[in-house]
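The following paragraphs guide the reader through a single protein structure. Please keep the sequence and the model in view while reading.

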Amino acid sequence: MDLVLLSGGHDSANLIRTAKKDEQDCCALFVDYGQPAAARELVAAVKITDYFGVPLIRRTMPTPATSGVEWLGRNLALIGVAMPVALEHKCKRILIGCTDQDYERFPDCRQDFINSLNAAAEIGYNVQVVAPLTVRPSYIVKGTWSCYGPGPRPCGECPSCKQE
């Protein structure tokens, strides 16, 4: 079974879509870390998991430090929150929606970083950490929310909106 870190955005929704297409069992983890768009992201996460028939697990963690729009060490922290959930649900992989476009801005989205986390996770817990979208594109999945803002519509100004 896979555990997909689900932000409610199109990248992580694509991971669920691909898992279901490949007939892979999965569950999804939504983490509220104090992000402005948390409410909108959760609504999207519920719609996505309902559509694909995937169980949704929710957790809250302390808000990471920021440098402007970016949350420092966010993906490392999210994987840290995901590991006990993966172990509890007997998941063999944690999937995170890091993309090749995230490489420059986020050190914890780089494939070498993910590979290092994966090595530690496999040694310690026999769980893989995988970021498949760093090597293949994602596709827009209907009902997702990728904007960093709280809504009601995408702001068109944040890095995520400009990326799409």
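The model shown here is predicted. A suitable place to begin is K90, which is exposed, its relative accessible area being 66%. K90 sits in the loop between α3 (74-88) and β6 (93-95). Although K90 is not a glycine, its phi is positive, at about 55 degrees.

A second loop residue may be considered alongside it. E23 belongs to the loop between α1 (10-21) and β2 (26-32). E23 is likewise not a glycine, yet has a positive phi of about 60 degrees. Because its relative accessibility is 74%, and exposed means over 50%, E23 counts as exposed.

From these loops the reader may turn to the interior. The largest nonpolar core comprises 28 residues, and the members that touch the most other members are L3, L5, L29 and I94. Two or more residues of this core come from each of β1 (2-5), β2, α3 and α4 (111-125). The most is given by α3, which supplies seven residues.

I94 merits a closer look. Once its neighbours within four places in sequence are left aside, I94 is in contact with L3 and L5. The contacts of I94 also include I79, A82, M83 and A86, as well as V127, Q128, V129 and V130. Apart from this core lies another, made up of 16 residues. Among the residues of that other core are V4, I48, V54 and L133.

Definitions and conventions
Residues are numbered from 1 along each chain as its sequence is written. This is a predicted model: local features need pLDDT of at least 70, side-chain atom pairs count only at pLDDT 80 or more; totals for chains, interfaces and linings use all residues. Side-chain values use heavy atoms; hydrogens and water are left out. Helices (H or I, at least four residues) and strands (E, at least two) are DSSP runs, numbered from the N terminus. Buried means under 20% relative accessible area, exposed over 50%, partly exposed in between (1.4 Å probe, protein chains only). A nonpolar core is a set of buried Ala, Val, Leu, Ile, Met, Phe, Trp, Tyr and Cys residues joined through side-chain atoms within 4.5 Å. Contact means heavy atoms within 4.5 Å.
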